[in-house]
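Work through the exercises below with the sequence and the model side by side, trying each task before reading its solution.

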Amino acid sequence: MTDYLNLESFEEASETVKQVVLETKLIYSEYLSTQTDAKIYLKPENMQFTGAYKLRGAYYKISTLTEEERARGLITASAGNHAQGVAYAAQRYGVKAIIVMPTTTPLIKVNRTKGLGAEVILVGDVYDESCQIALEMAAEKGYTFIHPFDDLAVATGQGTIMMEIYKELPLVDYILVPVGGGGLAAGVSVLAKLLNPKIKIIGIEPAGACCLKKSFDAGEVITLESVSTIADGTAVKTPGSLIFPYIKANLDEIITIEDEELVAAFLDMVENHKMVVENSGLLTVAALKHMNIKGKRVVAILSGGNMDVITMSSVVQRGLIIRDRIFTVSVLLPDKPGELTHVSGVIADRNGNVIKLEHNQFVSINRTAAVELRITLEAFGTEHKNEIIAALEEHGYKPRVVRTNI
């Protein structure tokens, strides 16, 4: 088959990927539905076998290759999720796979790709640089290159997500799609419009890597000078040129999200849904606050869940700080017995939980006049934080909120 992104190819792809993918059932989110006054469903591709939707496109693309093309060996470039998809598919077909990954790729994605039998080469600061190296190697060694997004067969494979959504929720009004290079957006939007032109497809992109938004507005493919985002899976400078016309014709809107919004969304998913979703996959959850979707049926695609524990720890800490659940205050105390006990009592009376104390006796030359006490506290949120600060002020301590470093 050479004709893709049509109903026949989507049907074929859906049957093909059933051999390797988990049909991720929609999860109704009571929490997000209440927040938005809409009916919010999550498409949990973070629970996929390789931890992301990318397996769909990679496996379908490789299934369309000839025996000779597969025998030459496969090569691709990826920030992690497509890498695992290609590695897994190559393993199933018993062929060699070489994956070129940016040096900034999280260790968990590197190790899982190696664990699937692929050879991993770390080179380049961002995906685009890694991709250029992979293309050069393919030309030199004769490997078959599997593009992570700018390929019509790959995009068709990603569109199988839409087939599953439609079977479960045919009356869906909005589908929110994370955007990097655009492969998922192309597949989902084309199939959605084929099935029901009234379905709104919204692409969600990190503000620090908004190559598709820029291209969408300009009406042509635009390359960014640089990208900077914690959503490493969508840190792409240039969207796919082959798939761009399909995106332009079928995507209704693109919303950009700041990194701090992803941090807050991570806490929401962990605390209210007990799920780990990587930053790129959280784009759709963060976007809900930017939309007027009252009374609508909305599906947010959670594209992946491959986050390393170091990043996870940093995101959790930052999220707690953003939401005023952890904060630090500086107070000046007379350097005499009993003052620390008094301050602790004021905080305890307001149900504050002290995490850390730093006592600086050298803040003033006159130690009998004042020493600095920095108190890092856990609170229930902004309102509780303000109550604690007000209580300290009432007792004459003149608290000053300082940057929190846990």
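**Exercise 1. Determine how the lining of the second largest pocket divides by residue class, and then name the residues and the volume.**

Step 1. The lining of the second largest pocket comprises five nonpolar, four polar and two charged residues, where Ala, Val, Leu, Ile, Met, Phe, Trp, Tyr, Cys and Pro count as nonpolar, Asp, Glu, Lys and Arg as charged, and the others, Gly among them, as polar.

Step 2. The residues concerned are Tyr127, Asp128, Cys131, Gln132, Leu135, His147, Phe149, Asp150, Thr238, Pro239 and Ser241. A pocket is here an open set of points on a 1 Å grid over the protein atoms alone, with protein on both sides within 12 Å along at least five of seven lines, and lining residues have an atom within 4 Å of a point.

Step 3. The space in this second largest pocket amounts to about 170 Å³, a volume being the space filled by probe spheres set on the grid points, which are joined across faces, edges and corners.

Before going on, note that this is a predicted model, in which local features need pLDDT of at least 70 and side-chain atom pairs count only at pLDDT 80 or more, while totals for chains, interfaces and linings use all residues. Residues are numbered from 1 along each chain as its sequence is written, and side-chain values use heavy atoms, with hydrogens and water left out.

**Exercise 2. Describe the largest pocket, and state which elements contribute to its lining.**

Step 1. The volume of the largest pocket is about 490 Å³, and 33 residues line it, with Ala79, Asp232, Gly233, Thr234 and Ala235 lying nearest its centre.

Step 2. Two or more lining residues come from each of helix H5 (81-93) and helix H10 (183-195); helices are DSSP runs of H or I with at least four residues, strands are runs of E with at least two, and both are numbered from the N terminus.

Step 3. By class, the lining of the largest pocket holds 14 nonpolar, 16 polar and three charged residues.

**Exercise 3. How many cavities of 30 Å³ or more does a search of the whole structure find, and which residues line the largest cavity?**

Step 1. Rolling a probe the size of a water molecule over the atoms shows where empty space is left. A cavity is a set of grid points where a 1.4 Å probe fits but cannot get out.

Step 2. The search finds one cavity of 30 Å³ or more, and the space in the largest cavity is about 40 Å³.

Step 3. Its lining is made up of Pro106, Asp232, Glu278, Asn279, Asn306, Met307, Asp308 and Thr311, which divide into two nonpolar, three polar and three charged residues.

**Exercise 4. Locate three salt bridges, and decide for each partner whether the residue is buried or partly exposed.**

Step 1. The structure holds 21 salt bridges, each being a side-chain nitrogen of Lys or Arg within 4 Å of a carboxyl oxygen of Asp or Glu.

Step 2. In one of them Arg56 pairs with Glu45, with the closest N and O atoms 2.9 Å apart; Arg56 belongs to helix H3 and Glu45 to the loop between S2 and H3, eleven residues apart. Both Arg56 and Glu45 are buried, where buried means under 20% relative accessible area, exposed over 50%, and partly exposed in between (1.4 Å probe, protein chains only).

Step 3. Asp252 and Lys193 also meet in a salt bridge, at 2.9 Å from N to O, and this pair links the loop between helix H12 (244-250) and strand S9 (253-257) with helix H10, across 59 residues. Asp252 is partly exposed because its relative accessible area is 33%, whereas Lys193 counts as buried because its relative accessibility is 16%.

Step 4. For Arg318 and Glu260 the closest N and O atoms are 2.6 Å apart, and the bridge connects helix H15 (residues 309-322) with helix H13 (residues 259-273), its partners being 58 residues apart. Arg318, at 34% relative accessibility, counts as partly exposed, and so does Glu260, at 42%.

Step 5. Through shared partners, salt bridges join Lys43, Glu45, Arg56 and Glu164 into one network.
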